[in-house]
Amino acid sequence: MAAEKLRDLSQPIDVGVLDATVAAFYGTGSKEERAAADHILRELQNNPDMWLQVVHILSNTHNLNTKFFALQVLEGVIKYRWNVLPVEQRDGMKNYISDVIVKLSSNEGSFRQERLYVNKLNIILVQILKHEWPARWRSFIPDLVTAAKTSETICENCMAILKLLSEEVFDFSRGEMTQQKIKELKQSLNSEFQLIHELCLYVLSASQRTELIRATLATLHAFLSWIPLGYIFESPLLETLLKFFPVPSYRNLTLQCLTEVAALNFGDFYNVQYVNMYNILMVQLQTVLPTNTNIPNAYTNGSSEEQAFIQNLALFFTSFYKFHIRVLETSQENINSLLIGLEYLINISYVDDTEVFKVCLDYWNSLVLELFEANHNLDNPAATANMMGLQMPLLPGMGDSLGTQLLQRRQLYAGPMSKLRLLMISRMAKPEEVLIVEDENGNIVRETLKDNDVLVQYKIMRETLIYLSHLDHDDTEKQMLKKLSKQLNGEDWTWNNLNTLCWAIGSISGSMMEDQENRFLVMVIRDLLNLCEITKGKDNKAVIASNIMYVVGQYPRFLRAHWKFLKTVVNKLFEFMHETHPGVQDMACDTFLKIVQKCKRKFVLVQVGENEPFVSELLTTLPTTIADLEPHQIHSFYESVGHMIQAEPEASKRDEYLQRLMNLPNQKWAEIIGHARGNVDFLKDQDVIRTVLNILQTNTSAASALGTYFLPQITLIFLDMLNVYKMYSELISSGIAEGGPYASRTSYVKLLRSVKRETLKLIETFLDKAEDQPQIGKQFVPPMMDPVLGDYARNLPDARESEVLSLFATIINKYKSAMIDDVPCIFEAVFQCTLEMITKNFEDYPEHRLKFFSLLRAIATHCFQALILLSPEQLKLVMDSVMWAFRHTERNIAETGLILLLEMLKNFQNSEFCNQFYRSYFVLIVQEIFAVLTDTFHKPGFKLHVLVLQHLFCLVESGSLTEPLWDAATVSYPYPNNGMFVREYTIKLLGASFPNIPASEVTKFVNGLFESRTDLSTFKNHIRDFLVQSKEFSAQDNKDLYAEEAAAQKERERQRMLSIPGLIAPNEIQDEMVDS
């Protein structure tokens, strides 16, 4: 009954009943009552006439939740339908909201009591302003300022409204409003700022009311980043702000305002004011926070206000120095003041708080980069030599040249930089390779989860330390060795101190000259090995072992140059492989692999004073070395040895090493196959299946390292392996057929499937890594046709392995057009049956989905002719599946679908079937792309959506399509050309999809697309603006629409890093290292 009463909106709504419904929704009644109330409220919210009741509801209810419900309804109308409402309705609503705000905020009691409600009304008012101001509400700012002068509480609320307006226009507008609208609002705010400025100054000089002063400071903080500079520097504003700094209740807000001013950067015009501001603040700061304060302790024990003060102080210093540090380098007095500030910042950097440290670290990184680049880019030899740590006298005739200035500047910062080195070494973050960590109970354990924040922090700290090392190698070395000696004599020994020190030593690899690096490392490794010997306790030994492994893994250049050290290190790793402490064996295997990849040639040569190459010695003792390792560690070990063997240039030796390496698994394999020949049921035993799996995994690991050279081994087991595959596949199918869908989840079936998957993975790994051997494809693909492809087609959907799809995608990507004759067979076996599995919904068989589209992409790229030969029905299947892919909400699948579509569009454009193809699919593709472009689930695909549309619009205007795209049977109007037809069609399509956008706007948008089709960035911006207008994209995160610009920036950064020694770690550089 109540619901019926509420639904009838032809008369004023019964507010009492609405209150009761809202109360039921938020109440503690039964689940059914809440669901019923939710249903009614949703219905009302979706009713287009409901908003007309808002004023009536707000005037008659005392319930805050009901008021919020009414305002929510109103907010929807303002966001999406405001511009189509009649003028009198818009003005009525605008005036009503303004009046309520003034009424509630004019009286201290109601303003405090109704604070939440007033805040929400302010937000509504600002949403209205985004549409009405400046064009239809010119007097808004003067009206607001006049109202503010009538009472202190109204003034406080006006400040809140101005702050919201500034944030809406300057901070949150990207993707919410069109670029034109943002520009208009910014200009209006700028031109009317004088009134606001006068109001703020008036309040700060005349008011005694704490809340009002705080609100004014908060509003100023929002405005300072964009107002015309004269209002800051040519008015009493800065003086006024600095007066508030010593007062505790305003200190944080004032500091935030000063930080905004510090972050402005418009040339040298206001340098005097900046120096003045800095110096006055430093004098006040030394009273508030004396220089001898232990800031980290004060922070730990401080109140939240005091902690916020330290954080704001860090932000102030970093912003000021980032843009204005040069103005403090001009006189001795300013330099003293600067050094005191840097000292404060270094002390704040020791505060145990991630956010505070991030702020400091970002600045230190940019400062040392600037100091480093000034020296690095200077072509004069004195500065360069000095930078490399070679003390060369200044050249005669340099006088006061740039070089001298640079050296003076470096000397000025030498003290703070030395302290900064100590900070970086003491607080170094954990690198990714380190697997051994201390848990919250103080135990040493294996790390289970990677912490991405720590990895990001490590990357920035490592980069900073490398620049610091380049600025003064000797100081870096001295500080590191001093800290290490304190570890040895026990003065400074803790797990954390040793860890951060070793992570710092590892992180500067590649930055020193080779001679200095060699000398330094000999001492480091010797000391660490000593420490390992003299320290007692399992946990202590595990920490030291982890650090030794990390450091040696970072210095391949050193190990390659010193065979004795390399051999000692590898033997030490073999020792650690018997150490059962969690994480130690894993790290030993990882480090072994890393070292072998960078030094593999060393292990196949006969070194001085030895009888045989190390690899041969290792293969003899292999069974004992791996005796205590887990299966996954053994696989890693086999991969490492595979890399060594791959470096052996002589084929006969290589084959002999491979045979010795695979001896253990091959004996086991021969034994199993022998038993199976006598009695095939032997293969059904679970332990046997596990052994088969383990043998295959060991083969895959070796194959991934050996590539082509793995041929003799795979040939040995290939046919038997396919027989086992076929047999296990039949077992799985019969198991699922008898036991139903649950059978596929039993451990037995899962184990059998693991063997099938590993077989496919082994073949795929080998074929993928085998280089320049086209005959290998011909040798291995035909025998697989029935056991693998035929088996896939015959199996039940639940028993099909998605790896079959990726294996054939790899084969086609590898052997390209040589596979064209096999495509029909592949198509026949996998296409129809896989599509049936994946098109029922968007969730089932996620692995098959992605791999299916990767296979399709491989065929379209390398065997396009095979697609042309498909029947129209089969091609329709392909096109449907591509469209189905890019409609997918799973990002990878949608992206693969779009890339595939783009390749097919280009290939068909250049084929003789161009007209035929586009007649069938042009209109459909336009329709489908606009559908995903304008819904909110497919934003990550934005860049590719734009490229597809650009391709289609360019194509239709290029004249390549000689036949009409429209169907003459259904379209009576004969268009002069395809361009006109596509224009009309697109306008109709978008007009129907977005009734809220006027027809003139839609036409303007479509014409704009055709005009800007040849200029991608204009074309893209044009579409972005339309998406904002379509209102589907507002109030959401739109960074995906700007993803491409971000990626280009990333690549430029990588190129810069490659040019500085050590910035990209020696073990991360992909090229084959000089390893002779």
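Mentor: Accessible areas here come from the Shrake-Rupley method with a 1.4 Å probe, and for residues only the protein chains shown count as cover. This is a predicted model, in which local features need pLDDT of at least 70, side-chain atom pairs count only at pLDDT 80 or more, and totals for chains, interfaces and linings use all residues. Residues are numbered from 1 along each chain as its sequence is written, and side-chain values use heavy atoms, with hydrogens and water left out.

Trainee: What percentage of the exposed area of the protein do carbon and sulfur atoms supply?

Mentor: The area that the protein exposes is about 47700 Å². Of this area, the part supplied by carbon and sulfur atoms is 53%.

Trainee: How many contacts beyond four places in sequence does the model have for residues 379-399?

Mentor: The pLDDT, the predictor's confidence in each residue from 0 to 100, has a mean of 87 for the protein, but stays under 50 over residues 379-399. Where pLDDT is low, the predicted coordinates should not be read in detail. With contact meaning heavy atoms within 4.5 Å, the number that the model has for residues 379-399 beyond four places in sequence is 28.

Trainee: Is serine 802 buried or exposed?

Mentor: Serine 802 lies in the loop between α39 (774-794) and α40 (803-815), where helices are DSSP runs (H or I, at least four residues) numbered from the N terminus. Leaving aside residues up to four places away in sequence, serine 802 touches Glu847, His848 and Lys851. Because its relative accessible area is 5%, and under 20% counts as buried, over 50% as exposed and in between as partly exposed (1.4 Å probe, protein chains only), serine 802 is buried.

How values were computed:
Helix = DSSP H or I, 4+ residues; strand = E, 2+ residues; numbered from the N terminus.
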